[in-house]
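Please go through the following model with attention to its helix, its charged side chains and its surface patches. The text starts from a database record and then turns to what the coordinates give.

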Amino acid sequence: NRQLKKEREFHQQELVDLRSELQNVKIKHERNVQELMKQLKQEKDDAEAQIRMLKMELIEEKNIVKTQCRQLEKIKIECDKLTEELTQNEEENIKLRRKCEFVKQELEKKDKQISNEEDLLRRMDEARLQFKDQLRHLEMEQESILTMIGNEIDAACEIFSRDSMEKFKVILS
């Protein structure tokens with residue numbers, strides 16, 4: 001009986017110790033669970049804060065992307081306009097080059113024509129100078145001939161006048 005009693009007391013003591021240990025373990029477990037819950041809550045709050053921050057960054061980036069897309073569209077439109085303008089300018093440039101070539105050819109023709117006309121004018125000027133020299137020569141000849149004729153007429157008049165004086169005297173007498 002004593003032995004049983006001792007064993008019973010021993011077992012009861014062990015039971016009390018085990019219950020106490022179990023209680024301590026439960027408390028530790030509760031603390032650990034609460035600590036883990038706190039950590040999880042903290043991590044959850046941090047994660048939610050980070051998610052909110054990432055959502056805000058995403059919204060900002062979406063706005064930036066929208067703005068850049070609009071700008072890209074504007075740039076594309078402007079690029080298309082400039083490409084069209086460039087094409088028109090190139091076409092006008094080709095037309096102007098053709099016109100320039102045509103005008104250049106016309107100028108070359110006119111330059112040749114002017115050169116020919118200058119040669120003609122030079123030849124005509126030379127011919128005019130020759131005719132002028134011939135005219136001067138002919139005038140001098142004419143003058144000398146007229147002078148000679150005048151001298152002849154004067155001589156003939158003088159001869160006639162001498163005879164006429166005598167004839168006049170004859171007629172008077």
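**A helix and its surface**

The unreviewed UniProt entry lists residues 1–141 as "coiled-coil region". The model shown here is predicted, and its coordinates can be set beside that annotation. Over residues 1–141 the chain is 99% helix and 0% strand. The C-alpha atoms at the two ends of residues 1–141 are 195 Å apart. Helix 1 covers residues 2–172.

A pair of residues gives another distance along the chain. L18 and S144 are 126 residues apart in sequence, and their C-alpha atoms are 175 Å apart in space. L18 lies in helix 1. Is L18 buried or exposed? L18 has a relative accessible area of 52%, and because the cut-off for exposed is over 50%, L18 counts as exposed.

Next come the charged contacts. How many salt bridges does a search of the whole structure find? The search finds five. Among them is the pair D119 and R122, whose closest N and O atoms are 3.3 Å apart. Both D119 and R122 belong to helix 1, and their spacing of three residues is about one turn of the helix. R122 also forms a salt bridge with E126, with 3.6 Å between the closest N and O atoms. Here the spacing is four residues, again within helix 1 and again about one turn. A network of salt bridges thus links D119, R122 and E126.

How exposed are the members of this network? D119 has a relative accessible area of 30% and is partly exposed. R122 is partly exposed at 45% relative accessibility, and E126 is partly exposed at 42%. These labels follow because partly exposed covers values between the 20% limit for buried and the 50% limit for exposed.

A further salt bridge joins the side chains of R128 and D125, at 2.6 Å from N to O. Why are R128 and D125 separated by about one helical turn? They are three residues apart in helix 1, and therefore about one helical turn lies between them. R128 counts as partly exposed at 44% relative accessibility, and D125 counts as partly exposed at 34%.

Other charged residues form patches on the surface. A negative patch is made by E101, E108, D111, E117 and E118. One of these residues, D111, has its place in helix 1. D111 is exposed, because its relative accessible area is 52% and exposed means over 50%.

A positive patch is made by K62, K66, R70 and K74. R70 is in helix 1. R70 counts as exposed because its relative accessibility is 52%. Residues in a patch must have over 30% relative accessible area and no salt bridge, so R122, as a partner of D119 in a salt bridge, is kept out of such patches.

The surface also has a nonpolar patch. Which residues make the nonpolar surface patch of about 350 Å²? They are I145, L146, I149 and I153. L146, one of these four residues, lies in helix 1.

Taken together, helix 1 (residues 2–172) holds the salt-bridge pair D119 and R122, the pair R122 and E126 and the pair R128 and D125. Helix 1 also holds R70 from the positive patch, D111 from the negative patch and L146 from the nonpolar patch.

Methods
Residues are numbered from 1 along each chain as its sequence is written. This is a predicted model: local features need pLDDT of at least 70, side-chain atom pairs count only at pLDDT 80 or more; totals for chains, interfaces and linings use all residues. Side-chain values use heavy atoms; hydrogens and water are left out. Patches are made of residues with over 30% relative accessible area and no salt bridge: like charges are joined within 9 Å, nonpolar side chains (Val, Leu, Ile, Met, Phe, Trp, Tyr) within 5 Å. Accessible areas come from the Shrake-Rupley method with a 1.4 Å probe; for residues, only the protein chains shown count as cover. A salt bridge is a side-chain nitrogen of Lys or Arg within 4 Å of a carboxyl oxygen of Asp or Glu. Lys and Arg count as positive and Asp and Glu as negative; His and the chain ends are not counted. The place of a charge is taken as NZ of Lys, CZ of Arg, CG of Asp or CD of Glu. Buried means under 20% relative accessible area, exposed over 50%, partly exposed in between (1.4 Å probe, protein chains only). UniProt positions are given in the numbering used here, feature names are shortened, and annotations may be inferred rather than shown by experiment.
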